[in-house]
Amino acid sequence: MMLSRLIQFALAQRLLILLALLVLVTAGWQAFQNLPIDAYPDVSTTQVKLILKVPGLTPEEVENRITQPIETEMLGLPRQSMLRSVSKYGLADITVDFAEGTDIYWARQQVAERLSGILGSLPAGTTGGLAPITTPLGEMFMFTVEGGGLSLMERRSLLDWVIRPALRSVPGVADVNVLGGELKSFEVVPDLTRMAATGISMDALTTALDINNRNDGAGRLEEGGEVLLVRAEGRIRDLADLAAIVVANREGVPVRVGDIAGLRIGSITRLGAVTENGRGETVEGLVLGLRGANARQVVQGVEARLAELRSTLPKGVQIRAFYNRADLVNKAVHTVSKALTEAVALVLLLLLVFLGNLRAALSAALILPLAALMTFLLMQYFGLSANLMSLGGLAIAIGMLVDAAVVVVENIVQHLAHDPYAGRLPRLHLIYRAVREVATPISVGVLIIITVFLPLLTLQGLEGKLFIPVALTIIFALAASLLLSLTAIPVLSAYLLKKVKQEDPWLLRHVDVLYQRLLNGALGRPAWVVFPAMLLLLAAVFAYTQVGKTFMPQMDEGTVVIGLETLPSISLAANETLNLRIQRAILAQVPEVERIVARTGADEIGLDPMGLNETDTFLVLQPRERWRVRDKAALIDALRKVLEEFPGVQFSFTQPIEMRVAEMLSGVRGDVAVKIFGPDLATLERLSGQVETVLQGIPGAKDVYTARNEGVQYEEVVIDRLAAGRFGLSVDAIEDALRAYVQGRVAGVVMEGVRRTPLQVRGPEDLRASPADFSRLRLVLPDGQAIALAAVAHLRRADGPVKVEREMGSRYRVVMTQVKGRDLVGFVDEAKQRIAQQVPLPTGYRLNFGGQFENQQRAAKRLAVVVPVALGIIFFLLYLTFRSLRQALLIMSNIPFALVGGIFALWLTGEYLSVPASVGFIALLGIAVLNGVVMVSYFNQLHAQGLVLAEVVRQGARRRLRPVLMTASITAFGLIPLLFASGPGAEIQRPLAIVVIGGLLTATSLTLLILPILYRRFAFGKGEKRHV
Amino acid sequence: MSEEFCLLTLLLPESLGEEVLDILLLTEGVQQFTSTALFAHGVGLDRLDAQEQVLGRARRVQVQALLSGAVGQEILARLRARFAGAGLHYWIQALPAAGAI
């Protein structure tokens, strides 16, 4: 009744509707222009990262003195879901994950409050705190600073003090991370002999530096009617200023800093380096996008700001980008929009073939742009961004979008062509009748399809973040298409459809003849149809067991990142040399690689604190057209071959976003991650080695990897308390002195214009270059005298851990592997079994499987609950519509036959059953039910008119042949472009398209043949069969 | 006693309702009359407005008036003069009896 009113209103107020459409088109276009665009939906959880730096502290000390106290404080934060930490050399990285939907600013507030309570008890010199508000997807733009004949130090300084501040103020930029180069510092290198001679202690020296480096104001002076401001100048400006600072007076002779220490421009201890193209070092800037920022706008803003900056940079200096998120975004959007246009063209063509009338085809096809625009409007309203997933949802929905409009237009055409009233009724009334006739079935049908997508909205975690936008877009699009089909489409048809030919188009006439023959055969010998169908069903159950299962097809981001790892004890310089050699080899042997930028070690902020032995190598690839090899897999094989020539280098392949997402999700990269929890580092190391061996033996394991945690060489200084005490040295004093000599101790800042250059006290270079010199190091006593380190401590060599990783307060080690050519779940099952057999776990140790497969299991569990609920809702809707349990069941019986085709299609194409494929099955479910509804509702109509059942099914099926064929083939054709699409995102949509197309084939043929048989047999109970 | 009564039935487009009713009110010999909104079928398609085209029937006001004597023709003449071409339909029936109780 409400539907009739709506249709009446629309047809009567045609101008108003046209006007509303105009508004819709404008607003929708506006929304489309303003939608934030990114490649992927924001998959990050609410995550707060704490990064604390204490230069020089060893991993276990960092764990004891920083990580543990903070963890204890952070455990039990409200809404906390995970607490992870990594303690490394000089750095603690603590990650607090919050429950989904927690406000990031609230979460940061909680963490900051607890942190402030404990900051005071951390070791002196601890710096850092909360990391920028960015996400793992935040790395939007990466560039190097080159040219101009500038030294590394000058380039770094340019990046730090000119480029970084400029970019930080671009809207949407959270921070600019800086990697590589040398950080300039003023170095004071105490000459121990002279200090001893003048009796000056280290403390006295640092105090002198500290209190002799300030400008200040003193107030106002009056001079006649004028005022003078008093400024005291005492700041250190250069090395000469520094040298002139007096530390003490010895017998009337001032002892200046220059007298007791060497002064020079040096660099702060480097945490990492960036190498390029096998040629040498460079400096890298990395723009981090704010959480929720519009990637394309951020990159545009950054590029515009860089263009402004260009003129102010020293001559010849170039900023060369090597990663630009906008490229990926554009490619992804291009993939989807190409599929969309192709689908629209195909749909139009099909409509033309089926309706035999251009105007009719047009009126149905107009639903596409209109529904799309309305979808954009809804997306904007609900704050969805346009990305691969949401636009993909739209591409998937295209076929289904047209369905409602097709049914409406087809029925209008039918009514106008066969007007039995011979002009006695107005055309508008005929249209109204035609629309009213199908209004209920299409509304129920669309509602059902919407219902089947509802379960997706309950997905959690990564799969939820990825597929909720898909489901929402589809739901929006379908709802829009239903509304438009009942209002705009009748109005447009009224304007567009003038005279309609009496005759059906050629194709349809032939199909009709064929169908009649088949249907008669089927109705005559139902067993001949039903039994093969049952067999097919059984075969599908078998095929299902043969189809591999995985979480998510890998998305191709178009950039390759190689993670390299060497011996943990390697020095930065040695690793750089090695990296440069690898880069030269890659450039020489793999011509597809255009440029290589590799970052070794940690970044300035500490967001990704890799060790000096770890390198992320970014490959900038040539455009596809110029590739020698067929595809990316072949390219990676070529790269693997090059890398295998370097013994002792472990490597893994990943992509920029994939790498960060995997790290964020379980703190590790890799398809499968086996975590071993337990208290003792050495035992963990041994167990992880065993697990690694087991995993390597399992078929399908590729790039099995466990970060080597042993092998860092320690020079342990064991302090002799008695000896130290005798010299009046405390343990603290010795440790502080050692840190100052080796690592250096910051004693202030030298202001050079806006550039703040650290001033540090540090031992001489040769001290750090040789352990032998280190052992001869002399400690300055409080009275200025010096003694050898060996007098108060003895030195020994030891091996130690690279890092200490913890999860929820417990130490763990992780072994990761990629899985190729095999489904994840099967692999994990086998791995679990083998590890249980071959790796006995001591008391207090436990295993945990994580990685991508974790998500799959969670998704499967969730869907196992929600899909049946959705089926129940569908059943209820059907019952409400038909008021008959039998008929509702009858329609539901279509579903298995739809799934059959989907499973076979997966099996034949060798695709895996992944989350997108499951989405395909869900869509299939809806389409199958829709077909049944269209069919059965017409059967009922005929039955109510008093036809005998045998005639009901024969006539009804014939009359409904066209709409059923049309909706099915249009949905299938709408997906065909996705089958052949290439480019980022295509690999996610392909399995879905395969499933739906395969399922449509079986579902449609079976709807057309089996449903009439079943209806004849089961639609009415014995007492109900009035007209047999 | 044998006064003659007729029943005049008019089908009017809704827009004319009031004016026609006024005319009837002011005509002598019209005793009582009723008006009802209803649908008319078979009305020429060109006379239907958008809403009516959609519904496939015309909205009309039906007026039934009890007339005494020969006012019928007089009213029709007036209506013809006033609403020529407006799509009014009418019929007149002779009534065996009418009155008030």
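User: A:Arg883 is found in the loop between α29 (852–882) and α30 (885–892) of chain A. Why is A:Arg883 called exposed?

Analyst: Keep in mind that this is a predicted model. A:Arg883 has 10 other C-beta atoms within 10 Å. A residue counts as exposed if that number is 12 or fewer, so A:Arg883 goes in the exposed group. Its phi is near 55°, a positive value in a residue other than glycine.

User: What about A:Met808: why does it count as partly exposed?

Analyst: A:Met808 has 14 C-beta neighbours inside 10 Å. Exposed takes 12 or fewer and buried takes 20 or more, so 14 lands in between and A:Met808 is partly exposed. You'll find A:Met808 in the loop between β28 (803–807) and β29 (810–819) of chain A. A:Met808 also has a positive phi, near 45°, and is not a glycine.

User: How do you know that A:Pro991 is buried?

Analyst: Same kind of check. The bar for buried is 20 or more other C-beta atoms within 10 Å, and A:Pro991 has 27, so A:Pro991 counts as buried. This proline is part of helix α34 (residues 986–1018) of chain A.

User: Which residues does A:Pro991 touch, not counting those up to four places away in sequence?

Analyst: Those are A:Pro553, A:Glu911, A:Ser914, A:Pro916, A:Ala917 and A:Gly920. As for A:Leu979, it is 12 residues from A:Pro991 in sequence, with 8.1 Å between their C-alpha atoms.

User: What makes α19(A) oblique to α34(A)?

Analyst: The axes of helix α19 (residues 526–546) of chain A and α34(A) come within 10 Å and cross at roughly 120°. Roughly perpendicular runs from 65 to 115 degrees, and roughly antiparallel needs over 145. The crossing angle fits neither of those, which means α19(A) is oblique to α34(A). The crossing is left-handed.

User: Why are there no polar and no charged residues listed for the contact of α19(A) with α34(A)?

Analyst: Look at who takes part. α19(A) brings A:Pro526, A:Val529, A:Val530 and A:Ala533, while α34(A) brings A:Leu1006, A:Leu1009, A:Ile1010 and A:Ile1013. Pro, Val, Ala, Leu and Ile count as nonpolar, so the tally for this contact is eight nonpolar, no polar and no charged.

User: How do you know that α14(A) and α33(A) are roughly antiparallel?

Analyst: Helix α14 (residues 388–417) of chain A and helix α33 (residues 949–980) of chain A have axes that come within 8 Å and cross at roughly 155°. Anything over 145 degrees counts as roughly antiparallel, so that is the word for α14(A) and α33(A). Their crossing is right-handed.

User: Which residues meet between α14(A) and α33(A)?

Analyst: From α14(A), they include A:Ala395, A:Ile396, A:Asp403 and A:Glu410, and from α33(A), they include A:Arg962, A:Thr967, A:Phe973 and A:Leu978. By class, the contact has 14 nonpolar, four polar and three charged residues.

User: Let's look at chain B. Why is B:Val30 called partly exposed?

Analyst: B:Val30 has 19 other C-beta atoms within 10 Å. Buried starts at 20 and exposed stops at 12, so with 19 B:Val30 stays partly exposed. B:Val30 lies in strand β2 (residues 30–40) of chain B. Beyond its neighbours within four places in sequence, B:Val30 is in contact with B:Leu24, B:Ala65, B:Leu67 and B:Val71.

User: How many helices and strands does chain B have?

Analyst: Three helices and four strands, in the order β-α-β-α-β-α-β along the sequence. The C-alpha trace of chain B spans about 50 × 25 × 20 Å along its principal axes. Of its 101 residues, 21% count as buried.

User: How many residues of chain A are in contact with chain B?

Analyst: Nine residues of chain A are in contact with eight of chain B. On the chain A side, α1 (2–12) and α15 (427–453) each supply at least two residues. That side has six nonpolar, two polar and one charged residues.

User: Which domains is chain A divided into?

Analyst: Domain 1 (1–34 + 356–502), domain 2 (186–267 + 713–800) and domain 3 (504–546 + 884–1028). The C-alpha centres of domain 2 and domain 3 of chain A lie 84 Å apart.

Conventions. Residues numbered from 1 in each chain as written. Chains lettered and ligands numbered in written order. Predicted model: local features only at pLDDT ≥ 70, side-chain atom pairs only at ≥ 80, totals over all residues. Contact = placed C-beta atoms within 7 Å. Axes fitted to C-alpha atoms, helices over the stretch in contact; angles between N-to-C directions. Parallel < 35°, antiparallel > 145°, perpendicular 65-115°, else oblique. Left-handed = near helix turned anticlockwise from the far one by under 90°. Domains from an automatic or database assignment.
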